[in-house]
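Subject: Structure for you to look at

Hello,

Here is the structure I said I would pass on. Please open it beside this message, and read the notes below with it in view.

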Amino acid sequence: MPTSQASPSTVVVGDSVSGVRINTSATSSEPSTSQGTSSGQNLSEITKLFPYFQTQAQKGSTNRFKYAPYPKFKPKETWTHVFICLANKDAETVPTRPEKSELNDAGLGEQKIVFPNKNGSFAHVRSTLEKVFPKMKDLDGAFEILRTTSCARRFLSAIPIPPLGYTVPVLKDGLGHATAYIRPMQKNLSMESVSKVSDDNVDLKSVPTIKCVNCGEVVALSVMRNHHCDCQSSSMEQHESIREKDIATLKEMFPNECTAKLSSVLSTVDGDLNKAAASLAGCVAVLMMNLNQMILNH
């Protein structure tokens, strides 16, 4: 009886009881080394491209990636808000654009102020505001905070002052996102320009200077524009004063001449009093000569 032979790809299973022969074709069960190498390379590349992720496969987790832990949220200990300091103790409306420009020049314009302590007391509020608006020191703490209302954005409404004064929590709740307006309670604040005050005390040897062509004074370059306007205005006033005195002198010398003629003659000789007097005397002399000639002819 011929012996059955199985091919290398065929498994012969014999049953001793039933004598049944089962031929089963089996494929190779050897793992593919190329597939494992490709998977490892892909994982390595992903790790390099996304360093903020960590694979969970290495830690035995079912999730493939895990986000790096976020830092814990820490609430701010400060409070920041926008303030404008009004100069007039009776102000009741929002400053216009020209008024805001004047407030800026006076060091009272809009400022974003940071309060280091979000639970600060009135003393903390006062000291913080006085650092930003130094002119508020003249108020000795006598000020109130105002804001616009929802029904009338042009008019200001004062935030009620608690017994302990304005604290940071009170201002935060009362203002919301509205701009805060500081208003003096007893006296007005100075509107003098901050740059003018600071430049009056500056050492001219340490800053660029320039000589004024009108008065010859040496002033700081940063205030030359303001000085020129003031000096020119002062020079004009002084010139008009001298001119009035010269006209009065000519009027005493020539009482019969009208003021308009005296002023015209003075302008003709560039304000020289002596030349104006000589010119008027010559005119009078010529007039007298003509008058005498007319009398002789008659």
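**Helix H7**

In this predicted model, helix H7 spans residues 259-268, and its buried residues are Leu262, Val265 and Leu266. These three cover an arc of only 100 degrees around the helix axis, so they sit on the same side of H7. What does the face turned away from that buried side carry? Ala260 and Thr268 are there, and both are exposed. Just after H7 comes Asp270, which takes a positive phi of about 60 degrees.

**Another positive phi**

Asp140 has a positive phi too, near 55 degrees, and Asp140 is a residue other than glycine. For background, most residues other than glycine have a negative phi. Where does Asp140 lie? Look in the loop between H3 and E7. Asp140 has a relative accessible area of 59%, and it counts as exposed because the cut-off for that is over 50%.

**Strand E7**

That loop leads on to the next element, E7. Strand E7 covers residues 143-148, and 5 of its 6 residues are buried, so the strand is largely enclosed by the rest of the structure.

Which strands pair with E7? One is E9, residues 180-184, which runs antiparallel to E7 and is joined to it by 4 bridges. In this pairing, Leu146 stands opposite Tyr181 of E9. Another is E8, residues 156-158, which pairs with E7 over 3 bridges, also in the antiparallel sense. Here Arg147 is the residue to find, as it stands opposite Ser157 of E8.

**His124 in helix H3**

On the other side of the loop that holds Asp140 is H3. Helix H3 runs over residues 122-132 and contains His124. Is His124 buried or exposed? Its relative accessibility is 18%, and since buried means under 20%, His124 counts as buried.

What does His124 touch, leaving out residues up to four places away in sequence? The contacts are Phe115, Pro116, Asn117 and Val168. With Asn117 there is also a polar contact: the side chain of His124 reaches the backbone nitrogen of Asn117 at 3.3 Å.

If you want an order for viewing, begin with the buried residues Leu262, Val265 and Leu266 of H7. Then go to E7 and its antiparallel partners E9 and E8. Finish at His124 in H3, with Asn117 among the residues it touches.

Regards

Notes. Residues numbered from 1 in each chain as written. Predicted model: local features only at pLDDT ≥ 70, side-chain atom pairs only at ≥ 80, totals over all residues. Heavy atoms only, no water. Buried < 20%, exposed > 50% of the residue type's maximum accessible area, 1.4 Å probe, protein only. Helix = DSSP H or I, 4+ residues; strand = E, 2+ residues; numbered from the N terminus. Pairing = 2+ DSSP bridges. Arc of directions from axis to C-beta. Polar contact = N/O pair within 3.5 Å; in protein donor to acceptor, adjacent residues only side chain to side chain. Contact = heavy atoms within 4.5 Å.
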